[in-house]
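Got your viewer open? Let's take a short walk through this one, one selection at a time.

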Amino acid sequence: MPTDAHPGPLRVLVLGASMRTGSSNARLAALVARMMTAAGATVDLARMREFDMPLYDGDVEETHGLPEGALALRDRLERCDAFVLSSPEYNASVPGVVKNAIDWVSRVRPQPFKTKHALLVSASPSLVGGNRGLWALRVPLEHLGTRVYPDMFSLASAHQGFTEDGQLADPALQTRLEETVTAFLRLVEADARYVCLQRRWYEFPGDRTGAPVTQRAEG
């Protein structure tokens, strides 16, 4: 095993990205957290309400620095190997509170989203389950260097999608979510424990957070 192999269980931040009490996305985040805990990961389950921050304003940043909520979210991200976002869909796109949090946290140096693995899930009362919002959410995260897992999970008709004990009412969807979570954790484990290639992917010319570019490859 390589000398830089990851010690201990995988650490995953699972964030319910809705502000609403009783949110379907909070329930989905809790379900994913239970699945990951059962698989042996150490899970940090969080709610967006824990990370209070104003609308991003460059003048505020210059005068007062980053808000405590952004720094708290940065700290939670840095302690994890991967994160899960259970995000609602607002008008076929990303909720403003989620994009605002990404914008603030991306101002930290070193930038904490880079090279983190992420799984995106959503619950929505609509018939597409928030899937359009997840496609929009991929854009800023991938731009920041996040390794967003290709398979996303969307729960349609979420208002009737859960059983009383917090499982999914549709056994086939429950199985699909379990399979997605398991495959995601296996990918994260492979990267955390068996790093074979140095990372040398730079998204834009101004990115100078590592060694000079030698090849477009990622471990």
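**Stop one: strand 4**

Select strand 4 and look at both of its faces: H117, L119, V121 and A123 sit on one side, A118, L120 and S122 on the other, and all of them are buried. In a regular strand the side chains alternate between the two faces of the sheet. Keep in mind that this is a predicted model. Strand 4 spans residues 117-123, and the tally for burial is seven of its seven residues.

**Stop two: the neighbouring strands**

Add strand 3, which pairs with strand 4 in the parallel sense over five bridges. To find your place there, pick F83, which stands opposite A118. Now show helix 4 as well: strand 3, helix 4 and strand 4 form a right-handed β-α-β unit.

Next, bring up residues 147-148, which are strand 5; two bridges join them to strand 4, again running parallel. Here H117 faces R147. Then go to strand 6, residues 153-155, parallel to strand 4 and joined to it by three bridges. S122 has S154 as its bridge partner.

**Stop three: the core**

Which residues have the most contacts inside the largest nonpolar core? Select F83, L85, F113, L120, L137 and L141, out of 30 residues in that core. Several elements supply two or more residues to this core, including strand 1 (11-16), helix 3 (68-78) and helix 5 (131-143). Helix 4 gives the most, with five residues.

Zoom in on L120: beyond its sequence neighbours up to four places away, L120 touches L85, L134, L137, R138, L141, V148, M152 and F153. Last selection: V14, L168, V188 and A192, which are among the 28 residues of a second, separate core.

How values were computed: Residues numbered from 1 in each chain as written. Predicted model: local features only at pLDDT ≥ 70, side-chain atom pairs only at ≥ 80, totals over all residues. Heavy atoms only, no water. Core = buried A, V, L, I, M, F, W, Y, C linked by side-chain atoms within 4.5 Å. Buried < 20%, exposed > 50% of the residue type's maximum accessible area, 1.4 Å probe, protein only. Helix = DSSP H or I, 4+ residues; strand = E, 2+ residues; numbered from the N terminus. Contact = heavy atoms within 4.5 Å. Pairing = 2+ DSSP bridges. Right-handed = clockwise from strand over helix to strand, strands pointing away.
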